[in-house]
Amino acid sequence: MKLDNKKIFKTLNPNKVWVPILIGLGIVFGMFYFDPSVNASTLKGVFDASVPFVLLAILLIVFRDVGYVYRIRTITNQELTWTRAIYVIILWEFASAVTPSVVGGTAVAIFILNKEGIKLGRAIAYVMVTAILDNLFFVIGAPIILVLAKGNIFPESQVLESQLQNSLEYIFWISYGLYALYSLVMAAALFYRPRVFKWILIKLFSIRFLKKWKHDASEYGNQIIDASEELADKNWRYWLPVVVATIFIWSSRYLMLNALISAFVTLSVENHVIVFARQVIMWIVMMISPTPGSSGTAEFFFAQFFTQFLEGYTFVTSILWRLLSYYPYLILGAIFLPRWIRQVFFKKKS
């Protein structure tokens, strides 16, 4: 796999932080202008928040990031120090925040690990493992959560009904099916029959109108084989902490919003489960968003999914949610990126 440094640094550009910020501000001002229930006095609701629950929400964000750092160290067999692992996660999150969610920061993550001294084949394997585990959390966890929520996962919203009608459910189930299929295929390719996967790719891209991508498909097949060889000798002592860390990361990510909503209103156990479950639906919606870091999309859909619980506190909670869970990574990325470039490129050269 050849990494295009020019394209990578085009993504890792601190100036890109302004794009999602401006989109987010545009949505906020749009809500002020078009939604009569949102006005200057609405913002005063932020002072009604329960401080302990807000602190709990912040703590869960910290837990999530600690989980990410621990997982990347474990996956890389401690090749990264704690400090280097923190740099990797911050820059990885920054790349995800400044690119559309549908694009993601996979290539950037491989580039970062490679520049941290991890060989390219291993870097590809490690990033693929994290992607598969994250998808499997959703694929396996979603049905369990849906059962616990007793089907109360799709919000009753006049806006969604007028714009999407019943298509939100179809979008969810189609997306779920695609994620499940992708996870199954990639897991089989990586852990079971990588050479068969390459053979199928080559045959598929031998079709006339796909031939121009045949070389890229063959190279991708080689990457899968290399990644599979890197992971072939791993036993349960390697996989167990990685799987547990993945569950911990995503649970912390979702429970953070449960804590934040609880700062404004009291939720029953059943409502906590529904809020958690609806975030699974939100995640799918945000994953197909064309905007950087789902900026704008997240703020809009938040109101449709959680007004049922928050009512007059919906607006201020959505702002706090993004301020705590999204914008810090834009700021941290812009701060850490120049330092990382100096450490990785200039110090090594000197």
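These legends accompany several close-up views of a predicted model.

**View 1. The whole chain, as a place to start.** Welcome to the protein chain, whose secondary structure comes to 15 helices and zero strands. The chain has 350 residues, and buried residues make up 49% of them. Contacts here often join distant parts of the sequence: of those with a separation of 6 or more, 78% are between residues 24 or more positions apart.

**View 2. Helix α14, a largely enclosed helix.** Helix α14 covers residues 314–325. From its first C-alpha to its last, this helix of twelve residues reaches 16 Å, close to the 16 Å expected at 1.5 Å a residue. Is α14 enclosed by the rest of the structure, or open? Ten of its twelve residues are buried, so the helix is largely enclosed. Among the buried residues are T314, F315, V316 and T317 towards the lower numbers, and L324 and S325 are buried too.

**View 3. S325 and its neighbours.** Look for S325 in helix α14, where this residue is one of the buried ones. What does the side chain of S325 reach? It reaches the backbone oxygen of W321, at 2.5 Å. Leaving aside residues up to four places away in sequence, S325 touches I61, R64 and M256. A helix has 3.6 residues a turn, so residues three or four places apart point the same way.

**View 4. Helices α13 and α14 side by side.** Helix α13 spans residues 297–310, and its axis lies 9 Å from that of α14. The two helices pack at an angle of about 130°, and they are therefore oblique to each other. Their crossing is right-handed. Which residues meet here? From α13 come A298, E299, F302, A303, F306, T307 and L310, while α14 brings T314, T317, S318, W321 and R322. W321, whose backbone oxygen is reached by the side chain of S325, thus also appears among the residues of α14 that meet α13.

**View 5. E311, in the loop between α13 and α14.** Between these two helices runs a loop that holds E311. Most residues other than glycine have a negative phi. E311 is not a glycine, yet its phi is positive, about 50°. Is E311 buried or exposed? With a relative accessibility of 61%, E311 counts as exposed.

**View 6. Helices α3 and α4 crossing.** Here the helices are α3 (51–75) and α4 (82–97). Their axes come within 9 Å and cross at roughly 115°, and the crossing is right-handed. On the α3 side, the contact is made by R64, Y68, V69, Y70, I72 and R73. The α4 side supplies W82, A85, I86, V88, I89, W92 and E93. You may recognise R64, which is also touched by S325.

**View 7. Q78, in the loop between α3 and α4.** The loop between α3 and α4 is where Q78 is found. Q78 is a residue other than glycine, and its phi has a positive value, near 60°. Its relative accessible area is 45%, so Q78 is partly exposed.

**View 8. F154 and Q304, far apart in sequence.** F154 sits in the loop between α6 (120–148) and α7 (158–163). Its relative accessibility is 19%, so F154 counts as buried. How many residues separate F154 and Q304 in sequence? They are 150 residues apart in sequence, and 9.8 Å apart in space from C-alpha to C-alpha.

Conventions
Residues are numbered from 1 along each chain as its sequence is written. This is a predicted model: local features need pLDDT of at least 70, side-chain atom pairs count only at pLDDT 80 or more; totals for chains, interfaces and linings use all residues. Side-chain values use heavy atoms; hydrogens and water are left out. Helices (H or I, at least four residues) and strands (E, at least two) are DSSP runs, numbered from the N terminus. A polar contact is a pair of N or O atoms within 3.5 Å; within protein, one must be able to donate a hydrogen and the other to accept it, and residues adjacent in sequence count only if both atoms are side-chain atoms. Contact means heavy atoms within 4.5 Å. The expected span of a helix is 1.5 Å times one less than its number of residues. Buried means under 20% relative accessible area, exposed over 50%, partly exposed in between (1.4 Å probe, protein chains only). Axes are lines fitted to C-alpha atoms, for helices over the stretch in contact, and angles run from 0 to 180 degrees between N-to-C directions. Angles under 35 degrees count as roughly parallel, over 145 as roughly antiparallel, 65 to 115 as roughly perpendicular and the rest as oblique. A crossing is left-handed if the near helix is turned anticlockwise from the far one by less than a right angle, and right-handed if clockwise.
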